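Dear colleague,

I am passing on the structure we talked about, together with some notes. Please have it open while you read, since the notes refer to positions in the chain.

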Amino acid sequence: MVDLRAKREDAYRHAVQICYYHYRETGNSDMQIIPQTYQVLYSELAQRTIDAQFSADFAIEGRFISMESRGRRYWYFDISEAGGGKNRRYVGPVDDPEINARVEAFKDLKADYRARRKIVSTLIRDAYLPRPDPISGDIIRALADAGFFQARGVLVGTVAFQCYAALLGVRFPNAVMQTGDAEIAQFHSISVAVEDSVADMLGVLRGVDPTFREVPHPADSMKSTRFANRSGYKVEFVTPNTGSDNLAGKPVMMPARGGAAAEPLRFLDFLIHQEVRAVLLHGAGVPVLVASPERYGVHKLIIASRRRADDDGSAKSRKDLLQATTLAEALIETRQTEALADAYMAAWEKGPAWREAMVAGLGSIEPSRRDFIASAMGAAIRGHGADGKDFGL
């Protein structure tokens, strides 16, 4: 008896392969897959970074010292402060076995920290993977250290996009990765439910750059969804708007964000519904949560057509389309077309407004790239026994 489902899946893979090779032969793709060695190295970095996050009792920048007092030696922990001073913290007696075990564990963690820095440098220097600009990297690391990603905060926007190159094992063109801000998202229900809160968001940011200030929201000057420093770098907090349009433009207080509010945005619930772990290539690696790459790509396709009403919408729309196209091509090239098609179909089923935006987004992509993406997704949809035409493809 013939397995019809297996037959459909074989036909789908063959169709995608034909689309891919034709696309490569026409010279329309500049996507490069990084060697397997570096992909394995990134996976190792991701695991070691996550392990370090859950085992660090003391800041890695500090050091233990022992001092004698009244004939007995004690452990203290020193960490440098801005301005050249030191903050010294009492830990416990040197002859306490439990304290000594923690000191030894810290030595191992510090050695691993140095090793992770070397891995990050190798991935940037030899695999040509992207790293964030210093201010973005320092801000995201400060948020990670403050526990924001442990509270299910999700990094979105271009800083998140920079993580996808290593996550997918490909090299992206530099034009799609330039940014001047960091955007952070979280479901309001999660912010209410989590017990831990990021203490004083402004204080966290000022620990990176003392010129950061709250930017009063236009609709409510007592709340801030955005913070900016003297050079104009912005950190913005957003949350899904799953209610009526009356909520649009009205900031929502987020209990787990240390006094920060969030801007409610349409379509954001789709984007951060399935977050994934990634590592930002900064310092020794910063463990973060980002939206899944397939949902990020589809989301950028949706919002690209809606940006044009903004003052600077044309530039943002072009960047959205470029990121959506780049991610779609990367997913297809790395044989993850089914995941992309699943995300596309899930968004299509959301309703007429979503479909209209998706069709408009696809229609704005350069024809040869659009045809390649549509053909590959259409083949994947046929592999599920559906017709791509029913999804605007």
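The notes below begin with how far the model can be trusted and then go through several regions.

This is a predicted model, in which local features need pLDDT of at least 70 and side-chain atom pairs count only at pLDDT 80 or more, while totals for chains, interfaces and linings use all residues. Residues are numbered from 1 along each chain as its sequence is written, and side-chain values use heavy atoms, with hydrogens and water left out.

Confidence is expressed as pLDDT, which is the predictor's confidence in each residue, from 0 to 100. The chain has a mean pLDDT of 82, and 79% of its residues reach 70 or more. Among the elements of the chain (helices, H or I, of at least four residues, and strands, E, of at least two, taken as DSSP runs and numbered from the N terminus), helix H1, residues 4–25, has the lowest mean pLDDT, at 49, and H11 the highest, at 95. Over residues 18–28 the pLDDT is below 50, and this stretch has 17 contacts in the model beyond near neighbours in sequence, a contact being heavy atoms within 4.5 Å. Residues 192–196 also have pLDDT below 50, with four contacts beyond near neighbours in sequence.

An open sheet of three strands has the order E2-E3-E4 with antiparallel pairing, where two strands pair if DSSP finds at least two bridges between them. Its edge strands are E2 (63–69) and E4 (86–93), each of which pairs on one side only. Neighbouring strands of this sheet are turned by 35 degrees against each other on average, direction ignored; axes here are lines fitted to C-alpha atoms, for helices over the stretch in contact, and angles run from 0 to 180 degrees between N-to-C directions. E2 is joined to E3 (residues 72–80) by seven bridges, and Ser69 stands opposite Arg72 in E3. Helix H3 (residues 97–125) lies across E2, E3 and E4 and runs at about 35 degrees to E3.

Further along the chain, strand E13 (residues 275–280) pairs with E14 in the antiparallel sense over six bridges, with Val279 having Pro287 in E14 as its bridge partner. The two strands form a hairpin with five residues between them, and Gly283 in the turn has a positive phi of about 65 degrees. Six of the six residues of E14 (residues 286–291) are buried, so the strand is largely enclosed by the rest of the structure; buried means under 20% relative accessible area, exposed over 50%, and partly exposed in between, with a 1.4 Å probe and protein chains only. Val286, Val288 and Val290 cover one side of E14, and Pro287, Leu289 and Ala291 the other. In a regular strand the side chains alternate between the two faces of the sheet.

Two residues have a positive phi although they are not glycines. Phe267, at about 75 degrees, is in the loop between strand E12 (261–265) and helix H8 (268–271), and is buried, with a relative accessible area of 7%. Arg335, at about 60 degrees, is in the loop between helix H10 (313–333) and helix H11 (337–348), and is partly exposed, at 49%.

Finally, Gln323 lies in helix H10 and is buried, with a relative accessible area of 1%. Its side chain makes a polar contact of 3.2 Å with that of Thr158 and one of 2.7 Å with that of Tyr296; a polar contact is a pair of N or O atoms within 3.5 Å, where, within protein, one must be able to donate a hydrogen and the other to accept it, and residues adjacent in sequence count only if both atoms are side-chain atoms.

With best wishes
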